[in-house]
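Me: Could you walk me through this one? I'd like to go through it bit by bit.

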Amino acid sequence: MVVSVEVAAVGTARSRGSRRPRGGSARVSRRDVLLGLFGPVAVAAAFVPVAAATRSLRAAEPPADIVFDETYRGRRIRGIRTSATSAGRVFDDAQWHVTVDGRPLHLMRRADGTWLSMVDHYRSYGTPLEATRAAVDELGPGRHLREGTEPHMGGDHGVHA
Amino acid sequence: MAYTRKDVSTLTAGERRRFVKAMLEVKRRGEYDEFVRTHIEYYNSDGEDGLRTAHMAPSFLPWHRRFLLDLERALRRVDSSVTVPYWDWTRDRTATSAPWTKDLLGGNGRRSDRQVMTGPFAWATGNWTLKEGVTDAEFLTRDLGRAANPIALPTKSELEGALADPVYDVSPWDSTVTSGFRNKLEGWGSGRGSVAWRNHNRVHRWVGGAMVGGASVNDPVFWLHHAFIDLCWYRWQRRHAGARYQPARPPGPASDQWRRVVARGEKLPPWGVTPEQLEDVSGIYRYA
């Protein structure tokens with residue numbers, strides 16, 4: 001089951017092209033949402049590399065959509081799409097932050113719009129959710145994502161979609 | 001004088017022993033983990049900004065050629081008789097054939113957690129603790145053939161489909177191109193299920209475990225696989241005499257691929273050599 005929750009910052013326009021998630025709405029800031037979900041340490045882990053690497057975080061906090069939040073094969077997987085802006089992207093301008101059991105999973109986008117993860121790097125999937133489930137399939141029992149994997153050359157740690 | 005890279009199934013017991021010993025020494029010196037990091041760092045996907053060098057790009061072949069040469073140099077500093085063998089997965093196709101023997105790379109991962117328990121790269125030996133990885137596992141993992149949903153290694157005819165293409169690569173020079181030798185060999189397909197993995201990519205998937213992730217270099221089979229990919233490039237060049245690396249010139253400012261791929265005469269990060277300089281390495285090594 002996919003649990004979708006919409007969260008949006010007050011007074012911040014939605015990004016172009018973003019899908020309407022199912023479920024109810026809550027009007028809180030992205031930071032509040034993330035702190036509530038993960039706690040400050042996990043938020044720092046998820047966002048510090050992005051903040052360092054991109055020009056996309058603005059003073060006015062953009063909307064954040066929890067697009068999926070489910071338990072898959074015993075793992076808590078969550079995908080949050082933030083509508084931060086960044087010039088020059090191939091698709092639209094949202095950014096994804098995916099976690100497995102609270103640890104960031106680095107997703108990458110292919111030119112055909114499909115997704116691959118650091119865990120499963122040699123094929124791609126139709127959606128971030130599919131790519132995340134495939135990563136869980138590959139993780140194996142008892143293993144967790146390692147914190148602090150090196151960022152890719154020239155790339156942002158978060159992925160724009 | 002050029003040295004020779006051999007088919008891994010033809011190595012003598014002594015050659016196998018020396019190769020393993022040199023690998024373990026490169027690991028002990030801390031050099032090996034640098035290779036793992038470099039491969040992670042240069043994996044840039046084509047749906048994102050930036051220059052692509054190692055994957056989803058024409059320089060997939062020269063990038064890995066030079067990467068292999070660096071590893072081989074590290075091995076030969078330990079033992080000058082060692083070269084990187086190649087694994088011809090169109091011939092050695094089972095989980096018990098070369099190179100999966102106890103005196104070489106060891107065998108499959110165990111069922112419970114995919115940990116490799118046999119051979120010189122098993123965690124219990126103390127010589128092969130993973131330092132750089134996507135997961136917190138310190139041990140090497142494999143899932144040969146993907147037990148839960150089996151797939152086969154690419155066949156000779158599937159590889160032939162790539163080798164027969166007379167054009168090296170085509171615009172837009174990425175993972176979406178459906179013609180050109182480079183992507184047919186690299187193996188980015190479209191669609192779902194097992195057809196989504198082809199040739200090079202499919203082999204990573206078939207080995208599974210570490211080999212299917214960003215830190216695939218952690219499995220020493222990475223080098224044997226890429227030596228065979230490198231040999232395929234050499235065979236393709238011989239078959240299509242005069243065929244060259246493409247693009248010959250960089251895409252212009254109006255192109256979506258401007259500054260995102262390395263043209264024949266441009267420098268290839270992180271080394272500063274050009275694909276052109278790497279097209280002919282017959283002065284360095286040859287294949288037996």
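Reply: Sure, one definition to start: a residue is buried if 20 or more other C-beta atoms lie within 10 Å of its own, exposed if 12 or fewer, and partly exposed in between, with C-beta atoms placed from the backbone. By that rule Gly106(B) counts as buried, because there are 25 C-beta neighbours inside 10 Å.

Me: Ok, and what am I looking at, and how are things numbered?
Reply: This is a predicted model, where local features need pLDDT of at least 70, side-chain atom pairs count only at pLDDT 80 or more, and totals for chains, interfaces and linings use all residues. Residues are numbered from 1 along each chain as its sequence is written, while chains are lettered from A and ligands numbered from 1 in the order in which they are written.

Me: What confidence does the predictor give?
Reply: Chain B averages a pLDDT of 96, with 99% of the residues scoring at least 70; pLDDT is the predictor's confidence in each residue, from 0 to 100. For the complex, the ipTM is 0.92 and the pTM is 0.84.

Me: Where does Gly106(B) sit?
Reply: In the loop between helix H3 (60-78) and helix H4 (156-163) of chain B. Helices (H or I, at least four residues) and strands (E, at least two) are DSSP runs, numbered from the N terminus.

Me: And what does Gly106(B) touch?
Reply: Leaving out residues up to four places away in sequence, Gly106(B) touches Val116(B), Thr118(B), Gly119(B), Pro120(B), Phe121(B) and Ala122(B). Contact here means that the C-beta atoms of two residues, placed from the backbone, lie within 7 Å.

Me: Anything else in that H3-H4 loop of chain B?
Reply: Pro99(B) is there too, and the peptide bond from Ala98(B) to Pro99(B) is cis, with omega near 0°. Arg146(B) is in that loop as well, with a positive phi of about 55° although it is not a glycine. Arg146(B) is partly exposed, with 18 other C-beta atoms within 10 Å.

Me: Where's Pro270(B), and what joins it to Pro269(B)?
Reply: Pro270(B) is in the loop between helix H7 (221-239) and helix H8 (275-279) of chain B. A cis peptide bond joins Pro269(B) and Pro270(B), with omega about 0°.

Me: Zooming out, what's the overall make-up of chain B?
Reply: Eight helices and two strands, in the order β-α-α-α-α-α-α-α-α-β along the sequence. The radius of gyration is 18 Å, close to the 19 Å that the globule rule gives for 288 residues, so chain B is as compact as a globular protein of that length. That radius is taken over C-alpha atoms, and the rule is 2.2 Å times the number of residues to the power 0.38. Of the 288 residues, 49% count as buried.

Me: Switching to chain A, how do S3 and S4 pair?
Reply: Strand S3 (residues 64-72) and strand S4 (residues 75-82) of chain A pair in the antiparallel sense over eight bridges; pairing requires at least two bridges found by DSSP. Asp69(A) has Arg78(A) in S4(A) as its bridge partner. S3(A) and S4(A) form a hairpin with two residues between them.

Me: Is Arg73(A) in the turn buried or exposed?
Reply: Arg73(A) counts as exposed, because there are 10 C-beta neighbours inside 10 Å. Its phi is near 50°, a positive value in a residue other than glycine.

Me: How many residues does each chain bring to the contact?
Reply: 31 residues from chain A and 34 residues from chain B. On the chain A side, the elements that give two or more residues are strand S7 (107-109) and helix H2 (128-139).
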